Amino acid sequence: PLILDKGFAMLPDKPMTGIAMMLGFCIVAPVGDAIAKLLGSSVPLGQVVFIRFAVQLLILLPLVLLTGRPLAMRGRTLWLAFVRTVLHVIGIAMMFTALKYLPLADAVAIAFVMPFIMLLLGHTVLGESVGPRRMAACAVGFVGTLMVIQPSFANVGAPALLPLAVAVIFALFMLV
């Protein structure tokens with residue numbers, strides 16, 4: 001049954017489903033990055049990105065159908081879904097490009113700056129309250145990311161900044 005909250009129809013919380021999906025993501029995403037790393041030198045970027053999203057469709061479409069959610073969108077929802085899709089495709093393509101130049105662990109470690117960027121965007125764009133401890137943790141985490149970037153930048157140059165751009169794009173994706 002749907003629950004109305006401030007005029008929005010919401011499904012009841014299902015924490016175990018959310019936990020299971022997050023665990024699934026935490027397994028599938030790194031495997032996808034590893035496959036992209038392996039294919040990156042022999043398969044064109046466009047094909048690798050297409051394969052990645054085709055597999056995503058094969059995994060998620062049955063889940064959406066099982067939940068009974070409608071597939072049709074209109075108006076603002078359709079527009080926001082389009083913007084998120086564009087950001088997602090660009091972010092994945094940039095990550096796969098970064099994997100051509102960087103070790104998988106370095107690229108992922110650099111991209112993990114996304115929560116820090118998300119914190120700053122949430123504060124700046126959405127006006128969310130961010131206390132000094134969170135800001136300090138954000139600064140410490142960002143310094144740690146710079147430590148990872150610095151040797152990678154010395155070895156490969158500007159492509160070491162690609163995962164940082166991925167982090168910004170995924171933070172915008174999450175914000176939308």
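**Close-up 1. Helix H6 and its buried residues in the predicted model.** Helix H6, a DSSP run of H or I with at least four residues, numbered from the N terminus, comprises 25 residues (132-156) and spans 35 Å from its first C-alpha to its last, close to the 36 Å expected at 1.5 Å a residue (1.5 Å times one less than the number of residues). Cys138, Gly141, Thr145, Ile149 and Ser152 of H6 are buried (under 20% relative accessible area, 1.4 Å probe, protein chains only). These buried residues pack against helices H4 (104-111), H5 (114-124) and H7 (162-175), contact meaning heavy atoms within 4.5 Å. Gly157, just after H6, adopts a positive phi of about 80 degrees.

**Close-up 2. Packing of H5 and H7.** The axes, fitted to C-alpha atoms over the stretch in contact, lie 8 Å apart at an angle of about 50 degrees (N-to-C directions, 0 to 180 degrees). H5 and H7 are therefore oblique to each other, that is, outside the ranges under 35, 65 to 115 and over 145 degrees. Met114, Ile117, Met118 and Leu121 of H5 make the contact with Ala167, Val168, Phe170, Ala171, Leu172, Met174 and Leu175 of H7.

**Close-up 3. Packing of H2 and H3.** Helices H2 (residues 45-67) and H3 (residues 75-101) pack at about 125 degrees, with axes 10 Å apart; H2 is thus oblique to H3. Leu45, Val48, Val49, Arg52, Phe53 and Gln56 of H2 meet His88, Val89, Ile92, Ala93, Phe96 and Thr97 of H3.

Residues are numbered from 1 along each chain as its sequence is written, and side-chain values use heavy atoms, without hydrogens and water. In this predicted model, local features need pLDDT of at least 70 and side-chain atom pairs count only at pLDDT 80 or more, whereas totals for chains, interfaces and linings use all residues.

Notes:
Helix = DSSP H or I, 4+ residues; strand = E, 2+ residues; numbered from the N terminus. Buried < 20%, exposed > 50% of the residue type's maximum accessible area, 1.4 Å probe, protein only.
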